[in-house]
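Here is a short, friendly tour of one protein. Have a look at the picture first, then read on.

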Amino acid sequence: GVLQAHYLNSFLRQIYNIVFSFDFMGNPISLVGSLGTGVKDFFLQPAKGLVESPSAFVHGAVRGTLSLVGNTTSGLFGTVSKITTTVGRGLATYATDETTRKWRGQKMR
């Protein structure tokens with residue numbers, strides 16, 4: 001009835017807010033940028049070193065690998081953080097909704 005309509009309407013509003021929020025998707029542009037920088041460095045740094053000397057190649061390989069690992073980790077953690085923040089906000093909004101609290105109060109009795 002009325003209660004179901006209210007919850008359906010609230011649910012649809014929240015879905016709309018979540019779907020169109022870049023934070024929900026974890027800012028995919030930032031993630032792709034971080035991954036791209038890491039992959040570029042992974043190949044470019046050793047190639048630059050190869051032109052100079054064997055020791056510069058090794059140094060470049062280490063720098064490229066560290067960049068790949070660091071940028072991948074940073075991008076993934078940033079994305080996961082934004083997604084969990086958005087989900088947490090949605091749950092907090094739902095949990096503090098006056099109608100929800102009243103409905104739960106009636107169910108607990």
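How do the residues of the lining of the largest pocket divide into nonpolar, polar and charged? They divide into 7 nonpolar, 7 polar and 2 charged. Keep in mind that this is a predicted model.

## The overall plan

Let us begin with the chain as a whole. The protein chain has 4 helices and 0 strands. Read from the N terminus on, its elements run α-α-α-α. Of the 109 residues in the protein chain, 17% count as buried.

## The largest pocket

Back to the pocket from the opening question. A general idea helps here: rolling a probe the size of a water molecule over the atoms shows where empty space is left. The largest pocket has a volume of about 330 Å³, and 16 residues line it. Nearest its centre lie Ser10, Phe11, Gln14, Gly90 and Tyr94.

Which helices each supply at least two residues of this lining? They are helix H1, covering residues 2–19, and helix H3, covering residues 54–95. Of the elements that contribute, H1 gives the most to the lining, with 8 residues.

## Helix H2 and its bend

Helix H2 takes in residues 28–52. Its 25 residues should span 36 Å at 1.5 Å a residue, and because its end C-alpha atoms are 36 Å apart, the two values agree. H2 also bends by about 25° at Asp41.

Which residues of H2 are buried? They are Leu31, Ser34, Gly38, Asp41, Gln45, Pro46 and Gly49. Asp41 therefore appears twice in this story: as the place of the bend and as one of the buried residues of H2. Spacing along a helix is worth a thought when you read such a list: an α-helix has 3.6 residues a turn, so residues three or four places apart point the same way.

Ile29 is also found in H2. Is Ile29 buried or exposed? Ile29 counts as exposed, because its relative accessibility is 67% and the exposed class begins over 50%.

## Helix H3

What about the length of H3? This helix has 42 residues and reaches 61 Å from its first C-alpha to its last. That is close to the 62 Å expected at 1.5 Å a residue. The buried residues in H3 include Ala56, Gly60, Gly64, Ser67, Gly75, Thr79, Thr86 and Gly90. Gly90 is also among the residues that lie nearest the centre of the largest pocket.

Three residues of H3 show the range of exposure. Thr79 lies in H3 and counts as buried, because its relative accessibility is 10%, and buried means under 20%. Leu76 is found in H3 too; at 43% relative accessibility, Leu76 counts as partly exposed. Leu66, another residue of H3, counts as exposed because its relative accessibility is 59%.

## Apart in sequence, paired up in space

Now compare positions along the chain with positions in space. Thr79 and Ser30 are 49 residues apart in sequence, while their C-alpha atoms are 8.3 Å apart. Leu66 and Asp41 are 25 residues apart along the chain, with 8.9 Å separating their C-alpha atoms. Here we meet Asp41 again, where H2 bends.

Two more pairs can be looked up in the picture. The C-alpha atoms of Ile29 and Gly75 are separated by 9.9 Å, and the two residues are 46 apart along the chain. Leu76 and Pro28 are 48 residues apart in sequence and 9.9 Å apart in space, C-alpha to C-alpha.

## An aromatic pair

How many aromatic pairs does the structure hold? It holds 1. Phe42 and Phe43 form this pair, and their rings are edge-to-face, with 5.2 Å centre to centre and 85° between the planes. The name fits because an angle over 60 degrees counts as edge-to-face.

The two partners can also be described by their accessibility. Phe42 counts as partly exposed, at 31% relative accessibility. Phe43 is exposed, with a relative accessible area of 57%.

Conventions
Residues are numbered from 1 along each chain as its sequence is written. This is a predicted model: local features need pLDDT of at least 70, side-chain atom pairs count only at pLDDT 80 or more; totals for chains, interfaces and linings use all residues. Side-chain values use heavy atoms; hydrogens and water are left out. Rings of Phe, Tyr and Trp (its six-membered ring) pair if their centres lie within 6.5 Å; planes under 30 degrees apart count as stacked, over 60 as edge-to-face and the rest as tilted. Buried means under 20% relative accessible area, exposed over 50%, partly exposed in between (1.4 Å probe, protein chains only). On a 1 Å grid over the protein atoms alone, a cavity is a set of points where a 1.4 Å probe fits but cannot get out, and a pocket is an open set with protein on both sides within 12 Å along at least five of seven lines; lining residues have an atom within 4 Å of a point. Grid points are joined across faces, edges and corners, and a volume is the space filled by probe spheres set on the points. Ala, Val, Leu, Ile, Met, Phe, Trp, Tyr, Cys and Pro count as nonpolar, Asp, Glu, Lys and Arg as charged, and the others, Gly among them, as polar. The expected span of a helix is 1.5 Å times one less than its number of residues. The bend at a residue is the angle between axes fitted to the seven residues ending there and the seven starting there.
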